[in-house]
Amino acid sequence: MNTEFSERCATNSDSTVNPKIRLPGEVGIWVFICGDLLVFTFLFFVFLFYRSNSVQIYKEGQASLSAQLGLLNTIIMLTSSWLIVRATRSLRSGSTAISRRYLLGAIAFGCSFSVVKYFEYGNKFSQGIDITSGEFFMFYFVLTGIHLLHVIVGVLALGLLWRAQHARALTAEQHTLHDCGAVYWHTVDLLWVVLFPLLYLI
Amino acid sequence: MLDSKVFVGTSDWIWLALMGLTLFSFGSVNLNSERHYIGNANSLLILSIALIKIRLIVRNFMEVKTAPAPLRIALDVWLITLFGGFVYFLG
């Protein structure tokens with residue numbers, strides 16, 4: 001394990017009690033993530049509330065979406081998250097070069113997600129469907145739009161991490177930054193894990 | 001090849017499980033390439049599967065399994081809240 005990373009773990013206040021207990025990243029990123037999850041939880045419940053009042057209209061709107069593209073994006077997000085886990089593991093074992101390759105893979109998948117969304121939106125616009133085309137599509141564009149914004153920010157953050165990891169030996173701060181980027185990207189992934197069934201399946 | 005071993009850790013199996021659960025959810029709605037509408041009970045089942053996937057991601061990918069107790073508890077409470085909301089609106 002990278003020496004500086006080991007030292008950082010050792011100085012973690014929790015790890016003096018139990019060396020296995022460790023907070024990945026900084027407290028600040030977790031505060032942001034928890035806030036983000038609460039906002040999305042509110043949006044999920046608002047969606048379900050309005051849906052329960054007019055289920056048939058929502059099902060008709062859903063029928064016009066491509067569940068296959070939704071599935072493809074789910075596979076893309078899950079795989080991207082998995083590559084980040086592998087990048088983290090490689091980084092901690094001191095293999096910066098391998099970590100960077102996994103990061104690049106995750107970035108490529110993140111970009112693929114955005115490309116699929118671009119075609120999905122394009123298809124809807126060509127059919128004359130936009131955010132004003134009823135309640136279901138208002139939710140569809142708002143929820144997926146906010147999520148897509150998260151994806152774009154995440155891809156940029158992963159790109160910055162990739163660029164910063166060119167040095168052979170990373171500092172403790174760089175390890176912490178990597179962890180922050182990783183947990184953020186996993187959050188983007190898990191939000192899509194709810195959005196996919198909510199908008200495309202149920 | 002990025003790694004000498006293709007499948008080496010728990011996270012790899014978790015990824016496979018996530019894929020399996022995703023395909024199961026998708027397949028249950030799109031049987032025989034034909035989309036069919038599902039009732040509230042099945043909708044609740046599919047959303048519950050999503051919550052299981054989230055817990056797998058949170059605990060294993062985000063390493064919350066080994067995080068301090070307040071974070072572990074907070075995220076479990078969040079998942080229970082989501083489940084409660086799903087039951088309330090679909091149950």
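Trainee: How many helices and strands does chain B have?

Mentor: Chain B has three helices and zero strands, where both kinds of element are DSSP runs numbered from the N terminus, a helix being H or I over at least four residues and a strand E over at least two. Read along the sequence, the pattern of chain B is therefore written α-α-α. This is a predicted model, in which local features need pLDDT of at least 70 and side-chain atom pairs count only at pLDDT 80 or more, whereas totals for chains, interfaces and linings use all residues. Residues are numbered from 1 along each chain as its sequence is written, chains are lettered from A and ligands numbered from 1 in the order in which they are written, and side-chain values use heavy atoms, with hydrogens and water left out.

Trainee: Why is A:Ser90 called buried?

Mentor: A:Ser90, which lies in helix 4 of chain A, has a relative accessibility of 6%. Buried means under 20% relative accessible area, exposed over 50% and partly exposed in between, with a 1.4 Å probe and protein chains only, so A:Ser90 counts as buried. Beyond its neighbours within four places in sequence, A:Ser90 is in contact (heavy atoms within 4.5 Å) with A:Ser95, A:Ile98, A:Ser99 and A:Tyr102.

Trainee: Why, then, does A:Asp130 count as partly exposed?

Mentor: Its relative accessible area is 29%, which falls between the two limits, so A:Asp130 is partly exposed. A:Asp130 lies in the loop between helix 5 (96–126) and helix 6 (135–164) of chain A, and, leaving aside neighbours within four places in sequence, A:Asp130 is in contact with A:Phe125, A:Phe137 and A:Phe141.

Trainee: What makes the pair A:Asp130 and A:Thr132 a polar contact?

Mentor: Their side chains are joined at 2.5 Å, and a polar contact is a pair of N or O atoms within 3.5 Å; within protein, one must be able to donate a hydrogen and the other to accept it, while residues adjacent in sequence count only if both atoms are side-chain atoms.

Trainee: What makes the space lined by B:Arg55, B:Val58, B:Arg59, B:Val64, B:Arg72, B:Leu75, B:Asp76 and B:Leu79 a cavity?

Mentor: On a 1 Å grid over the protein atoms alone, a cavity is a set of points where a 1.4 Å probe fits but cannot get out, whereas a pocket is an open set with protein on both sides within 12 Å along at least five of seven lines; lining residues have an atom within 4 Å of a point. One cavity of 30 Å³ or more is found in the structure, and the largest cavity holds about 40 Å³ of space. The elements that give two or more residues to its lining are helix 2 and helix 3 (69–90) of chain B, with the largest share, four residues, coming from helix 3.

Trainee: What lines the largest pocket, and which residues lie nearest its centre?

Mentor: The lining has 19 residues, of which A:Val85, A:Arg92, B:Ser11, B:Asn60 and B:Glu63 lie nearest the centre. Helix 4 (67–92) and helix 7 (172–201) of chain A, together with helix 1 (10–29) and helix 2 (40–61) of chain B, are the elements that give two or more residues to this lining, and helix 4 of chain A gives the largest share, five residues.

Trainee: How many residues does each chain bring to the contact between chain A and chain B?

Mentor: Chain A gives 49 residues and chain B gives 48.

Methods:
Points joined across faces, edges and corners; volume = space filled by probe spheres on them.
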